[in-house]
Amino acid sequence: MMRLDKYLVSMQVGSRSEIKDFCKKGLITVNGAVCKQSDTKIDEDKDEITFKGKVLSYEKYRYYMLHKPAGVVTATKDHHDKTVLDLLVGVNTKDLSPAGRLDKDTEGLLLLTNDGELIHNLLSPKKHVDKTYYIKARETLNPEDINALENGVDIGEDTLTLPAKVTLLGEKEFLLTIHEGKFHQVKRMLLAVNNEVLYLKRMSFGSLTLDENLAPGEFRALREQEIKELKMRKNNGFR
Ligand code: URA
């Protein structure tokens, strides 16, 4: 149960005071009856609410896939830079958070949701959710570098990095799948083998793959099946 005005604010019908006004004007109905009191308690899962004759449906949880462009920070608010939330134009961004963080200059897949439990599960170090990055590097990877990256390198933490997977695509281009998410992890792993990341793009996150139809800066809602798979953690571990 929740207050009608709170529900309508979350549906972006208007501010709390505008909603009070809409109620007084008889523009809102609950289960077919005009509701003049904006503090009425409603059951958001069962009651049918209309505004100006249109039925509103409540989505408790919202899930979006963003193709993060470079130059945008993974934050919900920032005084200087554009944030990933600023890119979700036309969306109810209330309580949305990014699942993890991409650096300002990193592009690619970012999941944003208000499902805190899912974020917690995906980011928990114990869960080892795979993240695959496309990398353009300064130097060619030699077999020893690949071996080191795959078996663990020293990035200045207490322990070596966990097993990872390298898939070569070209001389200085490759995919790296890791299942940790330490600060600047990929960049630090490349530095550990005397190399450098020149371009970084996240291609997948757990069972979720970046939609190739999304240009940098574009986003879409997740499909039911994608949400289900993330929750089941299907394909969220490569070993
Ligand atoms: N590793 C990095 O170094 N940067 C990112 O943005 C993501 C992973």
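Mentor: Let's start with a working rule: a residue is near a molecule if one of its heavy atoms lies within 4 Å of it. This is a predicted model, where local features need pLDDT of at least 70 and side-chain atom pairs count only at pLDDT 80 or more, while totals for chains, interfaces and linings use all residues. Residues are numbered from 1 along each chain as its sequence is written, and side-chain values use heavy atoms, leaving out hydrogens and water.

Trainee: Which residues are around the ligand?

Mentor: Look for Leu102, Asp103, Thr106, Tyr133, His184, Gln185, Val186, Lys187 and Leu200. Helix α5 (residues 185-192) gives the largest share of this shell, three residues; helices here are DSSP runs of H or I with at least four residues, numbered from the N terminus.

Trainee: Which domains does the shell draw on?

Mentor: Domain bounds come from an automatic or database domain assignment. Here, domain 2 (62-125 + 211-239) and domain 3 (130-205) each supply at least three residues of the shell.

Trainee: How do I read the polar contacts, and what is 2.8 Å from an oxygen atom of the ligand?

Mentor: With a ligand, look for a pair of N or O atoms within 3.5 Å. A polar side-chain atom of Thr106 is 2.8 Å from a ligand oxygen atom. Two backbones join in: a polar atom of His184's backbone is 3.3 Å from a ligand oxygen atom, and one of Val186's backbone is 3.1 Å from a ligand nitrogen atom.

Trainee: How much of the ligand's accessible area does the protein cover?

Mentor: Accessible areas come from the Shrake-Rupley method with a 1.4 Å probe. On its own the ligand has 240 Å² of accessible area, and the protein covers 96% of that.

How values were computed
Polar contact = N/O pair within 3.5 Å; in protein donor to acceptor, adjacent residues only side chain to side chain. Helix = DSSP H or I, 4+ residues; strand = E, 2+ residues; numbered from the N terminus.
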